[in-house]
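Trainee: I am new to this structure and should like to go through it by question and answer. May we begin with the ligand sites?

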Amino acid sequence: LVSTEQVAERQPTGEPQSGGIIEYGHLQEPKCVYGGWIQENFTARQILDSLVSQDNDGEIVPWLATDWEVSEDQLVWTLDLREDVSFTDGTPVDAEAVAYNFDSWLDGGNGTAAAHLGGFYEDATAVNEHTVEIQLSAPFSPFLSTLSQSYFGIQSPTALENRSAEENCRAPIGSGPFTVQAWESGQYLEFARNEDYNSAPENAKHQGPAYVEGIRWSFIPDNTSRYGSLLSEESDAVGEIPAVNIAEAKERFDFEQYITPGRPVVINLNTEKGVFTDQQVRQALSFATDREANIESAFLGTVPFEPSGYLSQSTPAYDAEAASEYPFDLDRANELLDEAGWTERAEDGTRIKDGERLEVLFTYGLNTIVTPDGNTAIQNFQEQARAAGFDIQLRPLTPSENSSGAFSGPDAYDAQVGYWTSPHAGILNINYRPGTEEAPNGANTTFLVNEGVYETIQQALQAPTSEEVAEHFSDAQHQLSELAPAIGLYTQTNTIAVSDSLAGVWLEESQGSPVFHDAYFVTDESGADKSDAEESTEEEG
Amino acid sequence: MTLTPSTVLTEPLQATPAPPPSQSPRQRTRPALILSLLLRKLGAAAVVVWAAASLTFLMQALLPGDRATMLLNQQTGQVQERSAEELAPINEMFGFTDPLLVQYLSFLGGLLRGDLGVSYQLLQPVTTVIGDQIAPTVILTFSSLAVAWAVALVLLVLTARRVGWVSRLFSGFEAAAAALPQYWLGIILLVVFALGLGLFPVVGGEGLIGLVLPALTLGIPLAGFLGQTMRTEFERTLDEPFVLTARARGMSDTAVRIRHVLRHALLPGLTLTGWAIGSLFSGAVIAENVFSRPGLGGVLVDAVNGRDLPVVCGVVMLVALIYVIANLVVDTAYVLVDPRLKLTH
Amino acid sequence: MTTTITNPTLDTATPARTEPMSALTAAATSLVTLEDLNVWFTDAAGVAHHVVHDLSLEINPGECVAVIGESGSGKSVTARTLIGLTGSNSRIQATRATVGGRDIQQTTDAQWRRIRGTKIGFILQDALVSLDPLRTIGAEIGESLRLHGVTKASQRRDRVIELLEAVGVPEPELRARQRSGELSGGLRQRALIASAIANDPPLLVADEPTTALDVTVQAQVLDLLAQRKAAGSAILLISHDFSVVGRLADRVLVMQGGHIVEQGTAEQILKNPRHEYTRQLLDAVPSGTTKGEYLTSAKRAEALEAPKLSPVRVTESGDAPPVLQATGLTKSFRGPDGVTRTVVKDVSFEVRGGQTLGIVGESGSGKSTTASMALGFLQPDSGTVLLNGKPWSELGVAGRRSRRREVTVVYQDPLSSFDPRWTAEQILTDALEPATGGIAFGARRRQRVSLRERAEELVRLVGLDPQHLSKHPLQLSGGQRQRLSIARALAPEPDVVVLDEAVSALDVSVQAQVLDLLTELQQRLGTTYVFISHDLGVIHHMSDHILVMKDGEAVEYGNAEQIFHSPAHPYTQELLRSLQMPTAHTPVRL
Amino acid sequence: MTTTLNPASDTKPSTSQPTTAASQLHSSLQSRRPKSRLRQVPLTVWIAGIVALLLLTASLAPSLLATHDPRAIQLESPLAAPNGEHWFGTDQSGRDLYSRMVHGTGESLLIGLGATGIGVGLALLFGAWAGLGGRWADALIGRGLEVFFAFPTLLLAMVFITIYGPSAPTLILAVGLGTAPGYTRMVRGQILAVRHSGYVQAAEALGHSPWRILSRHILPNALRPLLAILTLGIGQSIVWASGLAFLGFGVAPPSPEWGALLEAGRPYITEAWWLEILPGLAVLATALTATVLGKHLETALEGSQS
Ligand SMILES: Nc1ncnc2c1ncn2[C@@H]1O[C@H](COP(=O)(O)OP(=O)(O)OP(=O)(O)O)[C@@H](O)[C@H]1O
Ligand SMILES: Nc1ncnc2c1ncn2[C@@H]1O[C@H](COP(=O)(O)OP(=O)(O)OP(=O)(O)O)[C@@H](O)[C@H]1O
Ligand SMILES: [Mg+2]
Ligand SMILES: [Mg+2]
Ligand code: NI
């Protein structure tokens, strides 16, 4: 999934040096070091170990769990744990600890973990000291893939139980390569090397403690400054390279781009109220604009266009054929709208039906969900859709508006932009599971209620083999594509640029967190010469 | 036959404050008077801080959307509606479902005990959240003030009422500086001096060198305002007879400007400074943003965006307190600069 | 450094003090020599104004030369050329201009700085505002010393005290620590003199040194200058006040419009002026002897031509009914320091129709406060005012409103009493319009026409050209403004006009015109005046009855002539004593 | 022999002793020449006038000045540097920056004007109330002002925008509210000064009714300087509004309001400087123009009448 910037080629020969502190510049500051937000996933990766990891091919490899098996009915997962690992507070990493973590996630300890496992998880029990059994209420094929995310990092139960919420938020105790040393709010998080680290995942480049002594994880929200700090050598690595700088970054630095699996950045259409209750109108909008050209232009060719409104191209079980059912076809869009009865046009070209304008209230969390480049893409989309007679009113939401729920209900928008990272296609279940009276599904932002789609997804989750899983998910994507509740725009990506003085940084596979455990400083300057060999070729997973 | 003095003026022609009775000229303000004055000022300060906090509380409570939903969404990075079941524990923890009055009263109660509450988002006590960030903001605010004063004073003394074009050029410069959008100036400074020339760090942090550009960003526009107000007074004072007297004693021009005229021009500058403290804080938000600096500005914006009521209230009260204190200082400075104001202030 | 101030040393005598004097010329005996001095000022539009024409002047050590003349005649400008402070917009040209032998046209700025304060002490015209109000007197006087070599602070402090003592400031240690705002006018003036003589300059330039002072204080300051002169210092005295000149000057120059029109000894000029202009100046000074006569020659001539308007004053009282009666007026104010002071104590008076009551007293004695109560602006704490025999002070604000037009007021500074947006016409018609009751819509136009006619009548009455009606007050001269102010006061046809220092800010000749106008109007209209001034001459000239105030109390009240010729109260006696002149004059009447 | 005596360092001595007859003469001399006032207008004011005219044209009839459709995107040429076709270059969507700036003028000025109008309007209400309403009203409003000064106006604006959503009217209201306390203080001071002025006392002495005095003297005189302040405020309001846009509280895209342009241009500052610099210059020029014109107006008003 990681675009191959062939890190190895730039690495000098010889043994990695130990020591040094990595200056890393990051876009957003998390609220806690560990939690359910993607930012928290990034920081948690540095200090927590998960049960399993994913390697470059999407294979699940051992981490804290050395071995696993699932029962015939796919309801019981048995995981064998390493026996030689302790949390940094001395508590052993054992079956009890893992079971405790499962319970705490589902008990409100981590909303994202709960979103994934909720409705499936039943119970976790320690079979013996180093074997844990997870009971599910229904088969859940992407179980291991789910666990590979850092939302599922294992924390010390002693710490969770005995320390305050504040302490667990600001300095969780795990068994990972680093520990939290200091957190200067608004400035940086300081990680110190866990000198006793011995539990790197199998796909790590080395075992044992990290090479570097620590990481200074600075929060530099301003794009120009963040990238600038790399140029001025104030940072050794920075994340979230702005599109305008990517071309240069590729040339001057080690540049890696991670295309996040899960739901890409899509336009969710409100299928419950308003103009998009009409499937033809939804399809018409899907046809109406040249999204490919739009994304190419808005991101200056640095971020892949994602035709699918449901899964990102890096997600296992992505169906490229289903994704390409809505190419740019203005005539088709017009046809569909005419059929749907939007035949008249107002003076400004907006279509009218029964005296009502084809107006679309289009909301998006600016700078929270959508980057400035994404904002450009949305404006391009708005302008392009005018040709078909859509009058799109953009309504960027402030962070407060965005997350307060005030703009989340079916009355609040006609179209809304969102993405949801997930290492597997099970995200479809989160996004399209119909809500019930007692348990409304807030994650269903298109409000689509479709039995067929739901059943197909359930079949996929319960399928015994990965081929069958993929088949059912393919099916679901085709069904959704027909219903057209969402329109794909571009893939959510993580990028990192690393200066030549630092080697061995990689982005992990499940969520794209930077991994610094294997990173080391290159002392020999001459070794860091820039072989201007490679241009990246972005691969799709 | 007598000849009488003819034109005797009763009142001083200039608007000097009415001379206090010269029979008891060395009237030191009695301690009781000072004490009551101090108490009054403190009382007023407390009222201001309390009112600012209450206003904030009310405004925050009136914002649309649900606070518990917001917290839950922030914890998961999602933006969806939540079920009552999901929200119940949060509501209970922070008492969001209590009547507003009850919430307000418990907030006031906390205030009286010196407890500003716990941040909803960061789970830290508000005092800690603010305590961590107060220093950079205060340092930035006051170094901007210092920059503004230094620039304004130097330009004033050197250029006021000089050969036509010098004076005009620099008063034009002041007008332009006053009209500069701060963030724009900040970005340009950043791009030119940090990114382009590499003279300053791109990411300021807490160091002294990192303070230069942010302080200039806020200081230059303020210097424009200060310069404009003080220049008027400065030039007016240059016309005062006592300035001519000083020259007639053989004082050099520069000495006259610094020792006599400047002091008079300080007064409107001080007034403006008192007013500017509040707006400097708003400016600090911008400078912090542009220069990736820590500080209360960022905390406030985050807290507002996250509807973190305790933090917002805490920051507002702190800013109000700083404002009030700064204005007490300004009042004192007034009296130092112009001892005539001793009693009335 | 020099040790005493009573023994000023001339540079010719001790040339080594600051710098050697440049080659002494033939005129070495004279301190200042000006020959054909011309000064121009360039205004903002670049137009040069010639304000001093071919002026020649010589001042010798130990001599006091006075320059007199009306306002704007160029007195101060001449003085400022002597210290090179005419300003950057000025141009100077002279056949010869030397100060202490140095050619002032070739003096550099640095050289000037050494001359100022050491060779020439300068007392500025605006005494009350010529000390930095933010700094202590000690700092101000000490500055003169510091600039010229006294570097040690303690030495300076001692010397400041010495100087303050020398100029007759009581409690010098205390005063040195006060700021000018905390001092009375007299003390300020003396402090200013102390700062000017701090370095013992051989020449003292005193520009209107007594203008702002009460008579008693004025006398003290003049004594001080006389002492300096006696001690050998040369003085250039500038004034438009003859009594001051008469007491001090050896020689007098009379200036008009930048020219010297007459010069001679003080004796000769004051007693026997030859030039028409000098005579006019002298005549314009009001006093007891001028009572009942016009002060300006124009009016006098007019009066001669029209004998029926001849100045015959109705001085007998008792025939007209009292228009304004005040009994037991008392008023206190709470100062900012929380102390309550009684500023008017038990003051009673009455004015009969067509007569003038003069209220005189030094600054702060409560004259204006009394007037405010009479006008109904201030509510007396106790005591009453009757207007036209009916209650006045007891009425509420609203009650008085309908009767406001019975009593009007003219202030010292008319400018601030005019709405700056309005023209003279608007100001007058506003005063003419009835205060209450709107005008019917249709009637408005007619009304306006008739108001305009009335306004024209009024301006003619006060001797203004109706063309001035379209002007803003700022575009009028001071005298014209005061006339406009009087016209406005007369507009509602009041029974009483209160004039609070109405002529104090005016130049003698303009003052004479305004006083003549008032006299004339009283005769034509029978208006009653309450005339407030601290100028005894003006009061004597104008009043039928006089109220003398001191510290809020009416120390003497009665017939004007009686009070002036046989004052009963010691304070009044002291006041009048300070008027005694060393030289007298006999104005030449036409 | 003709020598200029005074070194340049000597400043002009006082010519304005308000009460001496000499200065009366002097000022009457001055006021005799206001006929050729146009010729006395300094160059800066001329320039400001021309800029103001351009701004006015741009806001009332933008199509007269614009060269392109401000909304038309051109996906092939995003971030094109200024050139003959696109004078100010293109933005990230390939839209013509110059045309966008021209079309954004109206909204920007509207925000400036509207916000200042609201600020001054509120100020009038409360300032007049404080100035005329007696001791209690004055004390109450004085305290209130103190609170508002102590209160970060930014927060006020942010909360306001959070409640009503980001749009030009909200921005106007938010900035107006934010600036109102400052103006209120000014109005109050002005009214108090006028209220205690000689001419108001003179009018009272004539027995005029309070209403007549209020309408004929106090209000006109107290409000006259406000005209100048109003112009000064326009520039400041635009700066303010763009500052809010910068923090993400601006007008919704694709509006070419200047604040929005500035905010949108910021990420591209190193690669496409024109997107940030040019709209910034427009804001600066507008603010300066307003300042220059306001100052001139102030002195002109003073000179002509007071
Ligand atoms: N700095 C200056 N710039 C321009 N004109 C000036 C300046 N100083 C004085 N004048 C003009 O020069 C003329 C003479 O002024 P000066 O001050 O010498 O009068 P004066 O005789 O001292 O009058 P007064 O009795 O009012 O003090 C006046 O017309 C005055 O307006
Ligand atoms: N409103 C007031 N509040 C407090 N004190 C006042 C007030 N008005 C006048 N005074 C004081 O009352 C005293 C008398 O003032 P008033 O103005 O009547 O004197 P005056 O005789 O007119 O003096 P001048 O000749 O200087 O005009 C002064 O000490 C003055 O400071
Ligand atoms: Mg003079
Ligand atoms: Mg008085
Ligand atoms: Ni007599």
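Mentor: Please keep in mind that this is a predicted model. We may start with a polar contact: a polar side-chain atom of Ser71(C) and an oxygen atom of ligand 1 are 2.3 Å apart.

Trainee: At what distance does a polar side-chain atom of Lys75(C) lie from an oxygen atom of ligand 1?

Mentor: Lys75(C) also turns a polar side-chain atom towards ligand 1, where the partner is an oxygen atom. The cut-off for a polar contact is 3.5 Å. For Lys75(C) the distance is 2.9 Å.

Trainee: Which residue has a side-chain N or O atom 3.2 Å from a nitrogen atom of ligand 1?

Mentor: Here the ligand atom is a nitrogen, and the partner is a side-chain N or O atom. The residue is Asn89(C).

Trainee: How much of the accessible area of ligand 1 does the protein cover?

Mentor: On its own, ligand 1 has 630 Å² of accessible area. The share covered by the protein is 91%.

Trainee: Which element gives the most residues to the shell around ligand 1?

Mentor: Two elements give two or more residues each: α1 (75–81) of chain C and α1 (21–31) of chain D. The site is shared between chains because residues from both C and D surround ligand 1. With 4 residues, the element that gives the most is α1(C).

Trainee: How many residues of the shell around ligand 1 are polar?

Mentor: The shell around ligand 1 holds 18 residues, Ser71(C) and Gly72(C) being among those that come nearest. Of the shell, 4 residues are nonpolar and 4 are charged. The number of polar residues is 10.

Trainee: Which residues coordinate the magnesium ion, ligand 3?

Mentor: Two donor atoms, OG and OE1, lie 1.9 to 2.2 Å from the ion. One belongs to a residue in helix α1 of chain C, the other to a residue in the loop between β7 (120–123) and α3 (137–147), 49 residues apart. They are Ser76(C) and Gln125(C).

Trainee: Is Ser76(C) buried or exposed?

Mentor: A residue counts as buried under 20% relative accessible area. Gln125(C), at 27%, is therefore partly exposed. Ser76(C) has 15% relative accessibility, so the class is buried.

Trainee: Which backbone oxygen does the side chain of Asn221(D) reach?

Mentor: Asn221(D) is placed in helix α10 (residues 210–249) of chain D, and at 4% relative accessibility Asn221(D) is buried. Beyond four places in sequence, its contacts include Asp419(C) and Tyr199(D). The backbone oxygen, at 3.0 Å, is that of His217(D).

Definitions and conventions. Residues are numbered from 1 along each chain as its sequence is written. Chains are lettered from A and ligands numbered from 1 in the order in which they are written. This is a predicted model: local features need pLDDT of at least 70, side-chain atom pairs count only at pLDDT 80 or more; totals for chains, interfaces and linings use all residues. Side-chain values use heavy atoms; hydrogens and water are left out. A residue is near a molecule or strand if one of its heavy atoms lies within 4 Å of it. A polar contact is a pair of N or O atoms within 3.5 Å; within protein, one must be able to donate a hydrogen and the other to accept it, and residues adjacent in sequence count only if both atoms are side-chain atoms. Accessible areas come from the Shrake-Rupley method with a 1.4 Å probe; for residues, only the protein chains shown count as cover. Ala, Val, Leu, Ile, Met, Phe, Trp, Tyr, Cys and Pro count as nonpolar, Asp, Glu, Lys and Arg as charged, and the others, Gly among them, as polar. Donors are N, O and S atoms within 2.8 Å of the metal (3.2 Å for Na, K and Ca); water is not among the atoms, so sites may look incomplete. Buried means under 20% relative accessible area, exposed over 50%, partly exposed in between (1.4 Å probe, protein chains only). Contact means heavy atoms within 4.5 Å.
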